[in-house]
Amino acid sequence: MPDSTEGRPLAGKVALVTGASRGIGRAIALRLAADGAAVAVNYATSPDRADDVVAAIAAAGGRAVAVRADVGDPEAVDRLFDVVERDLGRVDVLVNNAGIHRGGRIDALAIADFDAVVRTSLGATFLCARRAVPLMRAAGWGRIVSISSPAAVRAFPGDVAYGAAKAAQLGLTRCLAAEVAGDGITVNAVLPGFVETDMTASLSDRSRAHIARSIPVGRSADPAEIAAGVAFLAAPASAYITGTVLPVDGGIVL
């Protein structure tokens, strides 16, 4: 687990990270725990991976629980928040990381695939924020950070579902930020670039080299670098930053 450069700014806070059993979500959970938060590790289909994240946090002296929930389902989201509050306490930091990708040209993309992407990337952000905001408003403090994508701001053929969902997620971020700005709650998004995860590890060396050449800094990101951006926006010191998108992308969207 990486050390925070500013001690433990989230000590006493509870963070919920959706889709936290692997990749970027895992790195975010570990970083927020290193910054002092008790962390709810949400997952949908990978209990062993989620348990590994919890074990890593516990081994470093932190508190964490793994909670299974389909965050695109309103009733499951209600149960998720109930379990987190029971086991850790009120959610102070919500990180909307869960999402799926289903690609395809518009005349070939199945309607079910389009619906699944929107439900998981956009619908889950709405449902979790809807449940978190009243808790944060009552406390007078909260942080909501959503994980976006370059597809939200750049056109990629075959990404009509993912691009539409992620662009709408940014619209939700801005509108919600305006709604809750007076309640001590900030709402922001992080836009990761190409990140080294198990999902990208299957790409060929040729594909990886091509992608690296398209990134101004000349390399892909480590998940911990994305987590650092999330930790910055989740910290108390970011209280004057809301409604913004923080690219952590090596310049890919320039």
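This is a guided tour of the structure above, going from the whole chain to one helix and then to single residues.

**Before you start**

The model is a predicted one, in which local features need pLDDT of at least 70 and side-chain atom pairs count only at pLDDT 80 or more, while totals for chains, interfaces and linings use all residues. Residues are numbered from 1 along each chain as its sequence is written, and side-chain values use heavy atoms, with hydrogens and water left out.

**Stop 1: the whole chain**

Show the protein chain as a cartoon, and you will find seven helices and seven strands; here helices (H or I, at least four residues) and strands (E, at least two) are DSSP runs, numbered from the N terminus. If you follow the cartoon along the sequence, the elements come in the pattern β-α-β-α-β-α-β-α-β-α-β-α-α-β.

With the view zoomed out, the C-alpha atoms fill a box of roughly 45 × 35 × 35 Å, taken along the principal axes. The radius of gyration of the protein chain is 17 Å, which agrees with the value near 18 Å for a compact globule of 254 residues; this radius is taken over C-alpha atoms, and the globule rule is 2.2 Å times the number of residues to the power 0.38.

Now switch to a surface, where the protein chain exposes about 11,600 Å², with carbon and sulfur atoms supplying 53% of it; such areas come from the Shrake-Rupley method with a 1.4 Å probe, and for residues only the protein chains shown count as cover. Of the 254 residues in the protein chain, 50% are buried, a word that stands for under 20% relative accessible area, with exposed meaning over 50% and partly exposed in between (1.4 Å probe, protein chains only).

Contacts can be looked at next, counted where heavy atoms lie within 4.5 Å. Among those between residues at least 6 apart in sequence, 74% join residues at least 24 apart.

**Stop 2: helix H1**

Select residues 23-34, which form helix H1, a run of 12 residues that reaches 17 Å from its first C-alpha to its last, close to the 16 Å expected at 1.5 Å a residue; the expected span is 1.5 Å times one less than the number of residues. H1 is mostly covered, since 10 of its 12 residues are buried, among them Ile24, Gly25, Ile28 and Arg31. Just beyond the helix, select Gly36, which follows H1 and has a positive phi, near 110°.

Within H1, pick Ala27, which is buried at a relative accessible area of 12%. Leaving out residues up to four places away in sequence, Ala27 touches Pro223, Ala224 and Ala227, and although Pro223 is 196 residues away along the chain, the two C-alpha atoms are separated by 5.8 Å.

Then move to Leu32, also found in H1, whose relative accessibility of 0% makes it count as buried. With residues up to four places away again set aside, the contacts of Leu32 include Leu10, Val17, Val39, Val93, Val95 and Ala231. For a sense of distance, draw a line from Leu32 to Val118, which lies 86 residues apart along the chain, and the C-alpha atoms are separated by 27 Å.

**Stop 3: helices H4 and H5**

Select residues 111-139 to show helix H4, and within it Ser121, which is buried with a relative accessible area of 0%. Apart from residues up to four places away in sequence, Ser121 touches Ala98, Gly99, Ile100, Tyr162, Ala165, Lys166 and Gln169.

Helix H5 covers residues 160-180, and Leu176 is found there; Leu176 is buried, at a relative accessible area of 11%. Its contacts, leaving aside neighbours within four places in sequence, are with Ala129, Val133, Ile144 and Val187. From Leu176 to Ala228, 52 residues apart in sequence, the C-alpha atoms are 23 Å apart in space.

**Stop 4: strand E6**

Finish by selecting residues 185-192, which make up strand E6, and centre the view on Leu191. Is Leu191 buried or exposed? At 2% relative accessibility, Leu191 counts as buried. Beyond its neighbours within four places in sequence, Leu191 is in contact with residues including Ser148, Pro150, Val153, Val245, Pro247 and Val253. A last line, drawn from Leu191 to Asp107, spans 28 Å between C-alpha atoms that are 84 residues apart along the chain.
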